[in-house]
Amino acid sequence: MTKKLNKQNTLRDPAKKQAEVTEEMWQQVNQDYREKVEEFVSVQDLSPASRKQYISVLRQFGWYMHTSMNNKAFFKITKRDFLRYLSYIRDNRKMSSSAIGVRKSVVSSFCNHIENIIAEEEPEYKTFRNFTRGLPAIAKNRTYEKVKVTKDEFDLMMNVLEEDENWLGMAWLATAFLVGARRSEIIQFKTEILNYEIPDDMDFVMSHTVRGKGKSLDGKPLQYMVPLVVLPFWKKWVDSRGYESDYIFTTKYSNEIKVMSTAWADEFCSNTLSDILERRINVHIFKNSCITNLLESGVDIKLVSKFVAHHNDISTTQIYDLRDFEDEKKKIFSTKKKDNSEENSES
């Protein structure tokens with residue numbers, strides 16, 4: 001397929017991915033900082049993904065201190081120093097406000113650890129204070145406009161994938177669009193679901209428990225409602241892949257079978273689905289789209305919030321609602337509606 005992605009929903013050029021701080025680079029960073037970071041990460045109750053993120057962010061900041069601050073000791077870092085770093089990742093790296101916010105949050109958490117734990121025992125940290133506090137709020141920006149994937153667009157993508165005999169892609173897309181699970185949850189679905197008994201009056205099957213987004217290793221336990229229309233796409237992929245696995249979403253390289261990585265979904269959306277629709281498609285848009293399409297079909301937001309979105313509060317679900325309410329907006333200042341109302345009151 002010829003790459004022909006346009007920028008119709010792109011608001012700014014996405015930031016270039018920061019280069020990984022290799023072990024060789026990391027060993028050049030101030031030794032005291034390295035030891036404090038390793039201690040901090042080891043005592044945090046983090047999920048594997050969060051742990052990886054924390055390590056990456058703190059290594060990136062350490063490398064910046066090494067290259068731009070002459071390997072300055074961490075207990076000497078000031079608010080002005082940290083503002084320099086924020087300016088660097090915003091202006092030089094073109095990082096989005098959300099990405100900057102993540103980095104600020106991680107460094108702040110590390111500073112709290114230093115202030116609350118380390119400062120009591122190490123003299124050079126006795127007067128240390130969290131230098132991320134009291135800084136100006138990060139100005140919000142958006143990389144691209146959130147445009148829901150419609151049912152027609154879903155059908156188009158599925159048709160193209162079927163022409164390509166991309167059974168794995170069809171299985172993943174059907175799950176993301178119709179189930180509403182996150183990419184990290186999708187890869188946990190097991191083939192055992194295909195063998196569950198389904199009552200005649202049910203048009204969905206409940207999944208086994210998967211680990212949802214949340215703190216600690218356990219995260220938030222979730223069970224997803226999987227519409228029956230999704231199962232044939234799962235079965236097609238499982239029957240065609242030519243090997244056995246307990247998991248549905250798997251890959252095989254050099255005869256090694258592995259559960260699909262979350263990076264696979266990013267590449268699939270960027271390199272395949274975006275080309276089909278000729279606009280930027282992000283993995284996160286499918287949860288929005290699933291929720292929005294259900295709301296547009298008339299399903300009560302309380303049900304969508306509890307059983308599909310798995311949110312603790314409806315206000316969170318409303319953030320995922322991408323309805324434009326065009327018909328409703330037209331009625332707000334409708335003089336015709338007011339005239340009819342006045343005529344009825346007079347009669």
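The secondary structure of the protein chain, taken from a predicted model, comes to 15 helices and 6 strands. Of its 347 residues, 41% count as buried. Among contacts in the chain with a separation of 6 or more, residues 24 or more positions apart account for 63%.

**Nonpolar cores**

The largest nonpolar core has 45 residues. Those with the most contacts inside this core are Trp172, Leu173, Phe189, Trp234, Phe249, Leu273 and Phe286. Five helices each give two or more residues to the core: H6 (151-163), H7 (167-178), H9 (231-240), H10 (262-277) and H11 (285-296). The largest share, 8 residues, comes from H7.

Which residues does Trp234 touch once its neighbours within four places in sequence are left aside? Trp234 is in contact with Ala171, Thr175, Phe189, Ile193, Leu194, Val226, Ile248 and Phe249. Apart from the largest core lies another core, of 36 residues, which includes Trp26, Phe74, Ile89 and Val106.

**Helix packing**

Two packed helices are described by the angle between their axes and the distance between the axes. The table gives these values for three pairs.

| Helix pair | Angle between axes | Distance between axes |
|---|---|---|
| H2 (31-42) and H3 (48-68) | roughly 165° | within 11 Å |
| H7 and H11 | about 55° | 7 Å |
| H11 and H12 (301-309) | about 145° | 10 Å |

The axes of H7 and H11 are 7 Å apart and meet at an angle of about 55°, which makes H7 oblique to H11. On the H7 side, the contact is made by Trp172, Leu173, Ala176, Phe177 and Leu178. On the H11 side, Phe286, Ser289, Cys290 and Asn293 take part. The residues of this contact divide into 7 nonpolar, 2 polar and no charged. Three participants, Trp172 and Leu173 of H7 and Phe286 of H11, also appear among the residues with the most contacts inside the largest core.

H11 also packs against H12, at an angle of about 145° and with the axes 10 Å apart. The crossing of H11 and H12 is right-handed. H11 contributes Lys287, Cys290, Ile291, Leu294 and Leu295 to the contact, while H12 contributes Ile301, Val304, Val308 and Ala309. By residue class, the contact of H11 with H12 has 8 nonpolar, no polar and 1 charged. Cys290 of H11 is thus named in the contact with H7 and in the contact with H12.

How are H2 and H3 oriented to each other? Their axes come within 11 Å and cross at roughly 165°, and the two helices are therefore roughly antiparallel. The crossing of H2 and H3 is right-handed. In H2, the residues that meet H3 are Tyr33, Val37, Phe40, Val41 and Ser42. Their partners in H3 are Arg51, Tyr54, Ile55, Leu58, Phe61, Gly62 and Met65. The residues of this contact comprise 9 nonpolar, 2 polar and 1 charged.

**Lys151 in helix H6**

Lys151 has its place in helix H6, one of the helices that give two or more residues to the largest core. Is Lys151 buried, exposed or partly exposed? Its relative accessible area is 46%. Buried means under 20% and exposed over 50%, with partly exposed in between, so Lys151 is partly exposed. The C-alpha atom of Lys151 is separated by 9.0 Å from that of Phe177, a residue 26 positions away along the chain. Phe177 belongs to the H7 side of the contact between H7 and H11.

Terms used: Residues are numbered from 1 along each chain as its sequence is written. This is a predicted model: local features need pLDDT of at least 70, side-chain atom pairs count only at pLDDT 80 or more; totals for chains, interfaces and linings use all residues. Side-chain values use heavy atoms; hydrogens and water are left out. Axes are lines fitted to C-alpha atoms, for helices over the stretch in contact, and angles run from 0 to 180 degrees between N-to-C directions. Helices (H or I, at least four residues) and strands (E, at least two) are DSSP runs, numbered from the N terminus. Angles under 35 degrees count as roughly parallel, over 145 as roughly antiparallel, 65 to 115 as roughly perpendicular and the rest as oblique. A crossing is left-handed if the near helix is turned anticlockwise from the far one by less than a right angle, and right-handed if clockwise. Contact means heavy atoms within 4.5 Å. Ala, Val, Leu, Ile, Met, Phe, Trp, Tyr, Cys and Pro count as nonpolar, Asp, Glu, Lys and Arg as charged, and the others, Gly among them, as polar. A nonpolar core is a set of buried Ala, Val, Leu, Ile, Met, Phe, Trp, Tyr and Cys residues joined through side-chain atoms within 4.5 Å. Buried means under 20% relative accessible area, exposed over 50%, partly exposed in between (1.4 Å probe, protein chains only).
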